[in-house]
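Trainee: Could you take me through one part of this structure in detail? I would like to look closely at the sheet, and then at some of the helices.

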Amino acid sequence: MDARMTDWSQLKHAYGTAEDIPALFERIDTEPNDEAWSDLWSRLCHQGTVYPASFASLALLADLGAETGKDGDNALLLAGAIAAAADDETRDRHGASIERLRTLAHARIRRPAEPALYVHLLQTAMALDGVPVWSSALEGLADGNVEAFCPECEMGVFVSIGETGYFSAVGDWEPGDPQGSPLRPAAPADLEGPARLLHAAASEAGADTVALALTYLFGDGTCGECGAEFSIAGQVAEQY
């Protein structure tokens, strides 16, 4: 879809008619700032909800995503959040824009970024790839922990993957509590599919803490209640 040919007055965003969207993009192009990006996010991806105007904006976001720096990253992150909500029909309709954004996102995750931003960029790449589980479930890497359930006794398991350590603990865990069972990371050479792609990108980008965290996310844990071993990624993915 050629965004220049779009009749924005016929499309809707979170606050009604989308006729203000071209002006917002012009504002970002000429005077980029956090307020302008906040205004765009609130209209196109309001609390995770997307609209017809959101998908029509993907072509414009692809133009911005080709830029380096903060605005390029902002464009990719917003595009990823929009693409994560697209069904197959919508992905087909906006296939050219999504493919362009996908290429940009995969190039971006081969370059450095601070860890939290880098995790969000990985989520963006997965969203544009059409891998909904990891476009969402990677959020735990930014937080340093994920929640899982034991496949045997169904007990809730807290899994720490970050600054507090690499371990699992049964139930609610608070900083200062004794650490539970150590996690067993996957060997990078054994990773497959999206896991292999994500780890390779993080390693190439020099995002060493994220690359390490990925080996634990795709590794194994132990339930402190019943002693059962489980795939961390497998249990996390079941929640999405």
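Mentor: Keep in mind that this is a predicted model. Start with two strands that sit side by side. Strand β6 covers residues 156-162 and strand β7 covers residues 165-170; the two pair in the antiparallel sense, over 6 bridges. The link between β6 and β7 is a hairpin of 2 residues. To follow the pairing residue by residue, find Ile161, which stands opposite Tyr166 in β7. Then find Ser160, which has Phe167 of β7 opposite.

Phe167 also leads to the next strand, because it stands opposite Pro182 in β8. Strand β8 consists of residues 181-182, and 2 bridges join β7 to β8 in an antiparallel arrangement.

Now go back to β6 and look at its pairing with β5. There, 5 bridges join β5 to β6, and these strands run antiparallel. Ser160 is useful here too, since Asn145 stands opposite Ser160 in β6. The hairpin of β5 and β6 has 6 residues between the strands. Within that hairpin, Glu154 takes a positive phi near 65°.

Put together, these strands form an open sheet of 4 strands, in the order β5-β6-β7-β8, with antiparallel pairing. Which strands stand at the edges? They are β5 (145-149) and β8; each has a single partner strand, so one side of each is left without a neighbour in the sheet. A helix also packs on this sheet: α12, residues 208-217, touches β5, β6 and β7. The direction of α12 makes about 155° with that of β6. As for how covered β6 is, 6 of its 7 residues are buried. When you view the strands, a general point helps: in a regular strand the side chains alternate between the two faces of the sheet.

Next come the helices. Take α4, residues 58-65, and α5, residues 70-83, which pack at an angle of about 150° with their axes 7 Å apart. Angles over 145 degrees count as roughly antiparallel, so α4 is roughly antiparallel to α5. The crossing of α4 past α5 is left-handed. On the α4 side, the residues that meet α5 are Leu58, Leu61, Leu64 and Gly65. Their counterparts in α5 include Asp71, Gly72, Ala75 and Leu76.

Helix α4 has a second packing arrangement, with α7. Here the angle is about 25° and the axes are 9 Å apart. That angle makes α4 roughly parallel to α7, because angles under 35 degrees count as roughly parallel. Again α4 passes its neighbour α7 in a left-handed crossing. Leu58, Leu61 and Gly65 are among the α4 residues that meet α7, and Leu58, Leu61 and Gly65 also meet α5. From α7, the residues involved are Ser97, Ile98, Arg100, Leu101 and Leu104.

Two residues of α7 are worth a closer look. Is Arg108, in helix α7 (residues 95-108), buried or exposed? Arg108 is buried, with a relative accessible area of 8%, because the cut-off for buried is under 20%. Its side chain makes a polar contact of 2.7 Å with the side chain of Asp73. Leaving out residues up to four places away in sequence, Arg108 touches Asp73, Leu76, Ala113, Leu117 and Leu121. One of these, Leu76, has come up before, as a residue of α5 that meets α4.

The second residue is Glu99, which is also found in helix α7. With a relative accessible area of 40%, Glu99 is partly exposed, because partly exposed covers values between 20% and 50%. Glu99 and Glu19 are 80 residues apart along the chain, and their C-alpha atoms are separated by 26 Å.

How values were computed:
Residues numbered from 1 in each chain as written. Predicted model: local features only at pLDDT ≥ 70, side-chain atom pairs only at ≥ 80, totals over all residues. Heavy atoms only, no water. Buried < 20%, exposed > 50% of the residue type's maximum accessible area, 1.4 Å probe, protein only. Polar contact = N/O pair within 3.5 Å; in protein donor to acceptor, adjacent residues only side chain to side chain. Contact = heavy atoms within 4.5 Å. Pairing = 2+ DSSP bridges. Axes fitted to C-alpha atoms, helices over the stretch in contact; angles between N-to-C directions. Parallel < 35°, antiparallel > 145°, perpendicular 65-115°, else oblique. Left-handed = near helix turned anticlockwise from the far one by under 90°.
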